[in-house]
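I am opening a notebook on a structure that is new to me. These entries record what I look up, one topic at a time.

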Amino acid sequence: MFEFDTIAAISTPPGEGAIAIVRISGEEAFAIADRVFHSPSGKSLMEAPSHTIHYGHLKEVDSGQVVEEVMVSIMKGPKTFTREDVVEINCHGGLVTVNRVLQLILRNGARMAEPGEFTKRAFLNGRIDLSQAEAVMDLIRAKTDRAMNVALGQMDGKLSRLITQLRQALIEVLAQVEVNIDYPEYDDVEEMTIPLMLEKSNWVKGEIEKLLQTSSQGKILREGLSTVILGRPNVGKSSLLNSLVQENKAIVTDVAGTTRDIIEEYVNVRGVPLRLVDTAGIRETEDIVERIGVERSRQVLHEADLILFVVNYNQALTDEDLRLFETIQDMNYIVVVNKTDLEQNIDLDQVKTLAKDRRVITTSILNEEGVDALEEAISSMFFEGSIDAGDATYVSNSRHIALLHQALDRITDAINAAEADVPVDMIQIDVTRTWEILGEIIGDTMQESLLNQLFSQFCLGK
Ligand code: GDP
Ligand code: ZN
């Protein structure tokens with residue numbers, strides 16, 4: 001176990017909940033809690049059995065002044081999330097109360113935890129691997145149930161198990177390589193081992209490719225689909241935005257990191273988290289181009305995963321509409337023809353021709369018609385033919401995706417080399433590297449464990 005000081009933080013989300021929890025983890029957790037906790041019976045927390053809950057009051061050490069009425073859970077390591085001693089103080093919700101409790105704990109010897117520090121400890125203490133630790137972070141940030149399922153699957157070790165399987169297969173490849181190096185004089189050894197190496201390596205390659213195929217969806221689930229609502233003034237952009245926000249709970253995001261001129265809002269559209277970009281622009285000046293300038297708006301449009309381009313059913317397409325069509329011609333967009341409750345003056349065939357193979361959805365936001373179809377179009381666009389997030393192993397984390405790409409390159413090199421009759425020790429380098437890179441995903445790449453595993457593989461047959 002690593003040596004750590006004792007940390008504390010509020011572990012429930014901010015806001016007026018019914019209860020809020022201050023969590024303490026570390027060697028001093030019990031002692032610190034005991035210093036300020038007073039049960040009616042006068043019993044000390046230090047003597048209480050592990051995994052029990054206690055009612056009482058928190059008091060200032062010097063003045064004895066009551067700070068809060070609480071329930072305190074004490075959990076002795078290693079059967080805790082961090083594997084350290086953990087105390088959870090349940091207090092009445094309300095930011096002021098919880099903060100008072102936290103301050104009291106900090107004054108009595110704990111250090112304020114950094115973001116993610118409890119999870120980091122769980123990883124360093126071997127409770128979870130790196131990809132699971134990352135999943136905990138994703139879970140906290142999950143914006144839809146689907147995103148949550150992906151994170152839960154990963155936390156449960158789904159990705160870790162698959163990565164472990166792939167690495168096991170690579171160890172077996174390396175075992176074949178070893179045989180080859182040990183008995184270079186026998187030609188039939190090579191004839192036997194190369195096909196086996198190829199078969200296993202190709203399987204690993206295929207699995208990595210499959211994982212990478214889920215990455216764009218995984219990334220969207222995790223980070224949201226950045227969406228811009230575009231269109232001339234008065235076509236119904238604000239109305240569309242409000243309708244999406246009202247029907248689907250808007251998710252307020254961290255203020256941190258959002259710049260002032262681009263404001264983001266999340267809505268959950270059938271499991272797809274839409275990150276609505278520049279909603280302030282739509283609300284305030286109605287025109288993204290006018291508001292942030294041509295260049296900047298072009299950039300915002302380019303960075304968007306999806307554009308909802310709104311035109312007016314009641315009017316023929318204007319020059320400005322045509323210009324906007326032209327601007328977004330290579331982008332991912334859906335045309336929303338709004339105000340179908342009014343007389344038709346738009347040429348729908350022309351719209352469809354301009355939109356090429358993109359979807360064209362007609363709506364009357366005023367009468368709440370067509371928004372369902374639009375939502376369906378958005379969600380099917382991103383989940384077409386895909387397995388439900390609950391079953392698939394998704395990769396959504398940029399770090400994992402980058403490592404998988406590297407691993408794919410290495411294993412491909414190894415396969416090409418094996419097919420080209422390159423000396424096996426060259427192949428060994430690429431396969432070992434693949435094994436290491438995959439290990440970085442779960443935070444376990446030590447040359448030593450490679451050797452140990454190799455050794456155990458070998459002993460089996462000897
Ligand atoms: P924006 O300028 O593109 O944001 O357009 P708004 O959402 O502000 O809408 C402009 C006007 O069109 C408002 O008076 C809306 O009430 C109206 N509007 C929006 N959607 C519809 C619709 O489907 N039918 C009708 N008849 N009016 C609509
Ligand atoms: Zn508007």
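Before I look at strands side by side, I fix one term: two strands pair if DSSP finds at least two bridges between them. I also note that this is a predicted model.

**Entry: strand E13 and its partners**

I start with E13 and look up its pairing with E14. Asn338 stands opposite Thr363 in E14. Strand E14 covers residues 360-363, and four bridges join E13 to E14. The two run parallel. I then follow the chain between them. The path leaves E13, passes through helix H14 (residues 348-355) and arrives at E14; this β-α-β crossover is right-handed.

Next I look up E12, residues 306-312. Six bridges join E12 to E13, and this pair also runs parallel. Phe309 stands opposite Val335 in E13. Here the chain goes from E12 through helix H13 (residues 319-327) to E13, again as a right-handed β-α-β crossover.

Is E13 largely enclosed or open? I check its residues, 333-338. Five of the six are buried, so the rest of the structure largely encloses this strand.

**Entry: the loop after E13**

I move on to Lys339, which lies in the loop between E13 and H14. Its phi is near 80 degrees, a positive value in a residue other than glycine. I note the background: most residues other than glycine have a negative phi. Is Lys339 buried or exposed? The cut-off for buried is 20 or more other C-beta atoms within 10 Å. Lys339 has 25 C-beta neighbours inside 10 Å, so I enter Lys339 as buried.

**Entry: the loop between E5 and E6**

I look up the loop between strand E5 (66-75) and strand E6 (86-92), where Pro78 is found. A cis peptide bond joins Gly77 and Pro78, with omega about 5 degrees. Most peptide bonds are trans.

Arg83 is found in this loop between E5 and E6 too. Arg83 is not a glycine, yet its phi is positive, about 70 degrees. I count 19 other C-beta atoms within 10 Å of Arg83, so I write down partly exposed.

**Entry: ligand 1**

Which residues come nearest to ligand 1? There are 16 residues around ligand 1, and Gly236, Lys237, Ser238, Ser239 and Leu366 come nearest. I ask which element gives the most to this shell. Helix H9, residues 237-247, does, with three residues. I sort the shell by type: five residues are nonpolar, seven are polar and four are charged.

**Entry: Glu199**

I pick Glu199, which lies in helix H7 (residues 187-213). Glu199 has 11 other C-beta atoms within 10 Å. The limit for exposed is 12 or fewer, so I enter Glu199 as exposed. I also look up its distance to Ile415. The two are 216 residues apart in sequence, but their C-alpha atoms are 9.3 Å apart in space.

**Entry: the whole chain**

I end with totals. The chain has 18 helices and 14 strands. Of its 462 residues, 38% count as buried. I check contacts with a separation of 6 or more; residues 24 or more positions apart account for 66% of them.

Conventions:
Residues are numbered from 1 along each chain as its sequence is written. Chains are lettered from A and ligands numbered from 1 in the order in which they are written. This is a predicted model: local features need pLDDT of at least 70, side-chain atom pairs count only at pLDDT 80 or more; totals for chains, interfaces and linings use all residues. A residue is near a molecule or strand if its C-beta atom, placed from the backbone, lies within 6 Å of it. Ala, Val, Leu, Ile, Met, Phe, Trp, Tyr, Cys and Pro count as nonpolar, Asp, Glu, Lys and Arg as charged, and the others, Gly among them, as polar. A crossover is right-handed if, with the strands pointing away from the viewer, the path from the first strand over the helix to the second runs clockwise. Two residues are in contact if their C-beta atoms, placed from the backbone, lie within 7 Å.
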